[in-house]
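Let's take a friendly walk through a protein model, one region at a time. Keep the picture open beside you as you read.

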Amino acid sequence: MLKVSNLKETDNIKPIMLRAYIAKKITVLMNEYSVDTLDDIGCFVVLEKDEISAFTVSEMEFVELLEIGGNYYLHGVRILGDSYGEDIYLPVEVVQK
């Protein structure tokens with residue numbers, strides 16, 4: 001599990017397309033809230049495939065399937081307080097017939 005609340009921390013995100021996607025979202029939020037980090041607002045959480053137990057669907061405000069750079073992610077937002085939330089990404093394989 002990787003928790004990210006600023007642009008520097010995105011350097012550790014793999015693959016690069018997910019890194020760019022999250023970096024863009026962080027930049028938008030920092031500009032919108034006029035902050036240098038998201039520490040007081042929330043964070044982005046990138047899970048490994050085997051960390052599925054950390055993605056509890058019933059705790060999410062919403063869940064969607066995203067394709068980013070040819071990879072699929074289960075994406076959800078968990079609200080932990082009045083002004084703090086986690087934007088969570090879990091890599092998944094999609095079976096197509």
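## Strands side by side

Before we start, one bit of vocabulary: two strands count as a pair if DSSP finds at least two bridges between them. Also keep in mind that what you're looking at is a predicted model.

With that in hand, look at strand 4 and strand 5 (residues 84-92), which pair in the antiparallel sense over nine bridges. The two of them form a hairpin, with two residues sitting between the strands. Want one pairing to find on screen? Histidine 75 has tyrosine 89, in strand 5, as its bridge partner.

Strand 4 (residues 71-81) has another partner to look at: strand 3 (residues 62-68) runs antiparallel to strand 4, and seven bridges join them. Here isoleucine 68 stands opposite asparagine 71 of strand 4. Strand 3 and strand 4 make a hairpin with two residues between the strands, and in that hairpin glycine 69 takes a positive phi near 60°.

## The nonpolar cores

Here's a handy rule of thumb: in soluble globular proteins, nonpolar side chains tend to be buried together. Now for this model. Its largest nonpolar core has 13 residues, and the ones touching the most other members are Ile13, Leu18, Ile22, Ile26, Phe44 and Tyr89. Which elements each supply at least two residues of this core? They are helix 1 (16-33), strand 2 (42-46) and strand 3. Helix 1 gives the most, with four residues.

There's also a second, separate core of seven residues, including Cys43, Leu47, Phe55 and Met60. Back in the largest core, try clicking on isoleucine 26. Setting aside its neighbours within four places in sequence, isoleucine 26 is in contact with Val4, Asn6, Leu7, Thr10, Leu38 and Phe44.

## Two polar residues tucked away

Is aspartate 87 buried or exposed? This residue lies in strand 5, and it counts as buried because its relative accessibility is 11%, while the cut-off for buried is under 20%. Its side chain has company: a polar contact of 3.3 Å joins it to the side chain of lysine 25, and another, of 3.4 Å, links it to the side chain of tyrosine 89. Leaving out neighbours within four places in sequence, aspartate 87 is in contact with Lys25, Cys43, Phe44, Val45, His75, Gly76 and Val77.

Serine 5 is next, and you'll find it in the loop between strand 1 (2-4) and helix 1. At 10% relative accessibility, serine 5 counts as buried. Its side chain makes a polar contact of 2.7 Å with the side chain of aspartate 39. Aspartate 39 shows up again among the contacts of serine 5 beyond four places in sequence, along with Thr37, Leu38, Gly42 and Cys43.

## Valine 77 and tyrosine 84

Valine 77 sits in strand 4 and is buried, with a relative accessible area of 16%. Without counting neighbours within four places in sequence, valine 77 is in contact with Glu59, Met60, Glu61, Phe62, Glu86 and Asp87. How far apart in space are valine 77 and tyrosine 21? C-alpha to C-alpha, they are 16 Å apart, with 56 residues separating them in sequence.

Now hop to tyrosine 84, which has its place in strand 5. Tyrosine 84 counts as partly exposed, because its relative accessibility is 29% and that class runs between under 20% for buried and over 50% for exposed. The C-alpha atoms of tyrosine 84 and aspartate 40 are separated by 6.8 Å, although these residues are 44 residues apart along the chain. Aspartate 40 is also one of the residues tyrosine 84 touches, and the others are Asp39, Ile41, Gly42, Cys43 and Ile79, not counting residues up to four places away.

## The largest pocket

Last stop: the largest pocket, which has a volume of about 210 Å³. There are 14 residues lining this pocket, and Leu29, Ile41, Gly42, Gly85 and Glu86 lie nearest its centre. Helix 1, strand 2, strand 4 and strand 5 are the elements that give two or more residues to the lining. Which element gives the largest share of the lining? That's strand 5, with four residues.

Terms used. Residues are numbered from 1 along each chain as its sequence is written. This is a predicted model: local features need pLDDT of at least 70, side-chain atom pairs count only at pLDDT 80 or more; totals for chains, interfaces and linings use all residues. Side-chain values use heavy atoms; hydrogens and water are left out. A nonpolar core is a set of buried Ala, Val, Leu, Ile, Met, Phe, Trp, Tyr and Cys residues joined through side-chain atoms within 4.5 Å. Buried means under 20% relative accessible area, exposed over 50%, partly exposed in between (1.4 Å probe, protein chains only). Contact means heavy atoms within 4.5 Å. A polar contact is a pair of N or O atoms within 3.5 Å; within protein, one must be able to donate a hydrogen and the other to accept it, and residues adjacent in sequence count only if both atoms are side-chain atoms. On a 1 Å grid over the protein atoms alone, a cavity is a set of points where a 1.4 Å probe fits but cannot get out, and a pocket is an open set with protein on both sides within 12 Å along at least five of seven lines; lining residues have an atom within 4 Å of a point. Grid points are joined across faces, edges and corners, and a volume is the space filled by probe spheres set on the points.
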